[in-house]
Amino acid sequence: MSKLVALCPECEAEIDLQNRLVGEIVYCPDCNAELEVTNLEQPAVALAPRVEEDWGE
Amino acid sequence: MSQVRVAIVGGSGYTAGELLRLLLFHPQVEIAQVASSSHAGQYVHSLHPNLRKLCGLRLCHYDDLSTCDVIFLCMPHGTAMQAIERYRNLAPVVIDLSADFRLRSPDLYLRWYGKEHPQPELLAQAVYGLPELHRQELREAALISGTGCMATAAILGLAPLYRAGLVDQGLPLVVDAKVGSSAAGATPGPGSHHPDRSGAVRSFQPTGHRHSAELIQELGALAGVGGSWRQTLAFSATAVELVRGVLVTAQVFLNTDLDEKVIWRLYREAYREEPFIRLVKERSGVYRYPEPKILAGSNYCDIGFELDTDQRRLVVMAALDNLVKGAAGNAVQALNCRFGWDETLGLTFPGLHPI
Ligand SMILES: NC(=O)c1ccc[n+]([C@@H]2O[C@H](COP(=O)([O-])OP(=O)(O)OC[C@H]3O[C@@H](n4cnc5c(N)ncnc54)[C@H](OP(=O)(O)O)[C@@H]3O)[C@@H](O)[C@H]2O)c1
Ligand SMILES: [Zn+2]
C-alpha cells in the first residue's frame with residue numbers, strides 16, 4: 001500500500017493524510033501551518049489562509 | 001556493569017549543584033565524593049537545597065579526594081589547570097567545565113585569554129565536549145572540556161550552515177547572546193546585587209567575549225578553514241532578567257539564493273537523530289521560535305530560523321538553559337558518550353510549562 005503522505009508547502013515535513021478527507025484542515029507537526037487537504041489521489045495539501053497576528057511595535 | 005564512581009570538585013557552585021541534581025538520577029553513576037574549598041564538612045543539601053533527602057553526602061576538602069572513575073571540575077577559569085595533573089592521577093577521565101581546555105590552539109588561547117597556556121600539550125589532547133560535533137572523539141577521551149553556554153547555543157545553531165558551506169564568509173557573522181544571571185556563578189558581586197541586577201538589560205560584553213574563540217574553533221573546523229578563520233565575527237553579550245537561560249540571535253549572510261524549505265531540509269537532516277536538538281519555527285502561536293523560559297532544567301537546545309530572502313540574510317535563534325545544555329547537562333551527555341551509554345541517561349527532564 002502506498003503511503004498517503006503529502007509534503008507541507010511551508011517546511012516540507014511529511015503530512016500523514018490517512019483517514020483524512022478533501023477539504024479537511026490539518027496541521028503540520030513541524031511548523032504548525034494550517035493546511036487544507038486538496039487531493040488524496042495524488043496526496044497534496046495547501047496553506048489555509050491565515051489571519052495575521054499583531055505583535056505590536 | 002558496576003556503577004561508575006564520580007567525584008565533583010567546586011561543590012558549592014551552581015554547575016556542581018546541577019551535576020548533582022542530574023547524576024543522582026543517573027542509573028550508571030554513583031557519586032563518590034563532592035569536594036569544596038569553602039564549605040568542607042557541610043551537607044550537600046545545605047548548599048543545594050533542592051537536593052534535601054536525595055543526597056546524604058557531606059562536602060570534603062580538595063585534599064581528601066581519592067581515586068575514582070571520573071572527576072568533574074566545576075571551578076572558575078584558571079583554577080583547574082593549576083592542579084590538572086593531580087586530578088588526572090586520581091581518575092582516568094576528567095571533565096572540566098571551565099574554559100581552561102576548550103581551545104585546541106595555544107595561539108587562540110593566548111589571543112582570547114591574554115596569557116600563554118601553561119599546558120599547551122594538554123590542549124592538543126583535550127576534546128571539546130559537545131557531543132553533537134565530537135561524539136567519536138569523546139568515546140576515547142581522557143580529558144574532556146565543557147563548553148561555553150552562549151558558545152554552545154551559537155555553534156549548534158550555526159553548525160549546519162558552516163558544514164554545508166552556505167555562509168558568505170566575506171560578510172560578518174553577527175551573534176547577539178542574551179543570558180540569565182546564573183551564568184555568572186554563585187559568587188556574589190556588585191553586579192549581582194539584587195537592586196542592581198533585578199530588571200536589568202545590561203550590555204556586559206559588547207566586544208571581546210571569549211566565547212568567540214569557541215565559535216572560531218568549531219565553526220572554522222566545520223567550514224574547513226581550520227586555524228585560518230578570516231570572517232568578521234561580531235559577538236556581543238547582554239545580561240537579561242532571567243535566572244537560567246540563553247537566547248542567541250545570530251545573523252549570517254548566505255552565499256547563494258536559497259528557499260526557506262532548503263534550510264528546513266538542511267537542519268532536519270543535521271539534527272534528525274539528535275535527542276536534544278529540536279527545531280522550533282512555527283507559523284503561529286506564542287512559542288514560534290526558541291524560548292529559553294520553557295527549557296529551564298532541561299538539556300534541550302531549541303533552534304529556529306527566518307530567512308530574509310532579499311538580503312540573503314538568515315537569522316538563527318538558539319535557546320538553552322546555561323546550567324544544563326550550556327554546562328552540566330551537556331557534560332553528562334559527554335559522559336554518556338564516553339562510556340558508550342544511551343546519551344539521554346539522566347537527562348530526560350522535559351522542562352516546565354507554564355513556568
Ligand atoms: N554558570 C554557567 O552557566 C556556566 C556555563 C558553562 C560553563 N561554566 C563554567 O563552569 C565553571 C563553574 O561555574 P559555576 O557557574 O558553577 O561557578 P560558581 O557557581 O561560581 O562555582 C565555582 C566554584 O568553584 C570553587 N572555587 C575553587 N576555587 C575558587 C576560587 N578561586 N574562586 C571562586 N571559587 C572557587 C568554589 O566552590 P568550593 O568553594 O565549593 O570549592 C565555587 O563555588 C566555570 O569555569 C564556568 O565558566 C559555567
Ligand atoms: Zn510544515
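This report covers two interfaces in a predicted model: one between chain B and chain A, the other between the two domains of chain B.

## Chain B against chain A

Chain B brings eleven residues to the contact, and chain A brings 14. Together the two chains bury about 1300 Å². Carbon and sulfur atoms give 37% of that area. On the chain B side, three residues lose the most area to chain A: K261(B), R268(B) and R283(B). They make up 53% of what that side buries.

## Charges and polar pairs between the chains

Three salt bridges link chain B and chain A. R283(B) takes part in a salt bridge with E10(A). Their closest N and O atoms are 3.2 Å apart. R283(B) is also among the residues that lose the most area to chain A.

Polar contacts between the two chains come to seven residue pairs, with both partners at pLDDT 80 or more. Seven residues on the side of chain B that touches chain A are charged. That side also has two polar and two nonpolar residues.

## Two domains in chain B

Chain B splits into two domains. Domain 1 of chain B has two segments, 4–147 and 325–338. Domain 2 of chain B covers 150–322. Their C-alpha centres lie 24 Å apart.

## The domain interface

Domain 1 of chain B puts 27 residues into contact with 32 residues of domain 2 of chain B. The two domains bury about 2300 Å² between them. Carbon and sulfur atoms account for 56% of this area.

Three salt bridges cross this interface. E274(B) and R135(B) form a salt bridge, with their closest N and O atoms 2.7 Å apart. There are also 16 residue pairs in polar contact between the domains, both residues being at pLDDT 80 or more.

## What domain 1 contributes

Four helices of chain B each supply at least two residues of the domain 1 side: α1 (14–23), α4 (106–113), α6 (131–138) and α11 (324–338). The largest share comes from α11(B), with six residues.

By class, the side of domain 1 of chain B that touches domain 2 of chain B holds nine nonpolar residues. Ten more are polar and eight are charged.

Definitions and conventions: Residues numbered from 1 in each chain as written. Chains lettered and ligands numbered in written order. Predicted model: local features only at pLDDT ≥ 70, side-chain atom pairs only at ≥ 80, totals over all residues. Heavy atoms only, no water. Contact = heavy atoms within 4.5 Å. Buried area = accessible area lost by both parts, 1.4 Å probe. Salt bridge = Lys/Arg side-chain N within 4 Å of Asp/Glu carboxyl O. Polar contact = N/O pair within 3.5 Å; in protein donor to acceptor, adjacent residues only side chain to side chain. Nonpolar A, V, L, I, M, F, W, Y, C, P; charged D, E, K, R; others polar. Domains from an automatic or database assignment.
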